[in-house]
Amino acid sequence: MNLALVGDGKMSRAIAHLALERGHVVSTVVTRGENQGGAALTRDRLGGVDVVLEFTRPEAAPGNLLALARLGMPVISGTTGWQSRLEEITVAITAGGGALLHSPNFSVGVQLFLRGARDLARRFAGQPPFAEFVVETHHAAKRDAPSGTALALQEALRTGDPAREFAITSIRGGHVPGMHEVVFDAPFETVRLQHVARGRQVFAAGALAAAEWIRGKHGVFTFDQMLFGEEP
Ligand SMILES: NC(=O)c1ccc[n+]([C@@H]2O[C@H](COP(=O)([O-])OP(=O)(O)OC[C@H]3O[C@@H](n4cnc5c(N)ncnc54)[C@H](OP(=O)(O)O)[C@@H]3O)[C@@H](O)[C@H]2O)c1
């Protein structure tokens, strides 16, 4: 495939590296300096591109996605922290006839972890000795807190047990690619369910699998829908 990357940070570099290994071509990389409000995302610049992968910053993603929607292009977005604009962006993608697959986390393990967490929350419902909480740890440069994945985890847990809060504690430091954990803690025992990402390659692999999947599709999708269909 002929790919365009919007953003040239840690995730875009991991995707570019893996894309070359898999025989794809990265024909353009759009950087922040040239792209205020999505200004560089034009038909000319993206001519011949099959799929655009957008990994930027929470404040930049909506402008990028609206510009790409107008072009009707297939887009994979892994940027976190813009979900409050999803409705507006969905309308724009539909109107432009293109496609968007978005996820705060492109790890297959995390998607299975979210389902496991929901089921675990169901098991702990009505067990008052156990207090519940979520902890997430990321590298010091991560901008948003809580992480998009922690919010998805909280939503999955609340689906499993609407009576519990599942408050999130965020830790930022060092180089951690991502750790998410739900804990049920009673006075004399603890149950933990934890996901640890050991490298960004896992997110890059999922994003590229999504890029391969989205070709020829129209509408707005999540990674969860791609992996498991509509079944919850
Ligand atoms: N979905 C997943 O699986 C997953 C996994 C990891 C991370 N993420 C998320 O993906 C996003 C990127 O992560 P990262 O680790 O790559 O961050 P990063 O290293 O900070 O890279 C972000 C890049 O986006 C650039 N940028 C900002 N505004 C832009 C614009 N309007 N147009 C083009 N580029 C722009 C920044 O440029 P400057 O450096 O010049 O500001 C920077 O190079 C974050 O939201 C992160 O939470 C998602």
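**Exercise 1. The ligand shell**

Which helix gives the most to the shell around the ligand, and with how many residues?

*Solution.* Keep in mind that you are looking at a predicted model. Start with the residues that surround the ligand: there are 26, and G7, G9, M11, A60 and G78 come nearest. Next, see which element supplies them. Helix α1, residues 10–21, makes the biggest contribution, with three residues. Finally, sort the shell by class: 13 residues are polar, nine are nonpolar and four are charged.

**Exercise 2. Two domains and their contact**

Find how the protein chain is divided into domains, then describe the side of domain 1 that touches domain 2.

*Solution.* Begin with the bounds. Domain 1 is made of two stretches, 2–102 and 201–228, while domain 2 covers 108–197. Taken over C-alpha atoms, the centres of the two domains are 27 Å apart. Now turn to the contact, to which domain 1 gives nine residues and domain 2 gives seven. On the domain 1 side, the elements giving two or more residues are α6 (201–214) and α7 (223–228). Of these, α7 has the largest share, three residues. As a last step, group this side of domain 1 by class: four residues are nonpolar, three are polar and two are charged.

**Exercise 3. Reading a sheet**

Work out the strand order in the open sheet of four strands, and say why β7 and β9 each have one side without a neighbour.

*Solution.* Reading across the sheet, the order is β7-β6-β8-β9, with mixed pairing. Strands β7 (168–172) and β9 (189–197) are at the edges and have a single partner strand each, so one side of each lacks a neighbour in the sheet. On average, neighbouring strands here are turned by 15° against each other, ignoring direction.

Now look at one pair in detail. Strands β6 (residues 131–138) and β8 (residues 178–186) are antiparallel and share seven bridges. To follow one of the partners by eye, pick E132 and look across to F184 in β8, its bridge partner.

**Exercise 4. Helices on the sheet**

Which strands do helices α4 and α5 touch as they pack on this sheet?

*Solution.* Take helix α4 first, residues 108–124. This helix touches β6, β8 and β9, and its direction makes about 165° with that of β9. Then move to helix α5, residues 148–160. Helix α5 touches β6, β7 and β8, and its direction makes about 35° with that of β8. Putting the two together, β6 and β8 are touched by α4 and also by α5.

How values were computed. Residues numbered from 1 in each chain as written. Predicted model: local features only at pLDDT ≥ 70, side-chain atom pairs only at ≥ 80, totals over all residues. Near = placed C-beta within 6 Å. Nonpolar A, V, L, I, M, F, W, Y, C, P; charged D, E, K, R; others polar. Domains from an automatic or database assignment. Pairing = 2+ DSSP bridges. Axes fitted to C-alpha atoms, helices over the stretch in contact; angles between N-to-C directions.
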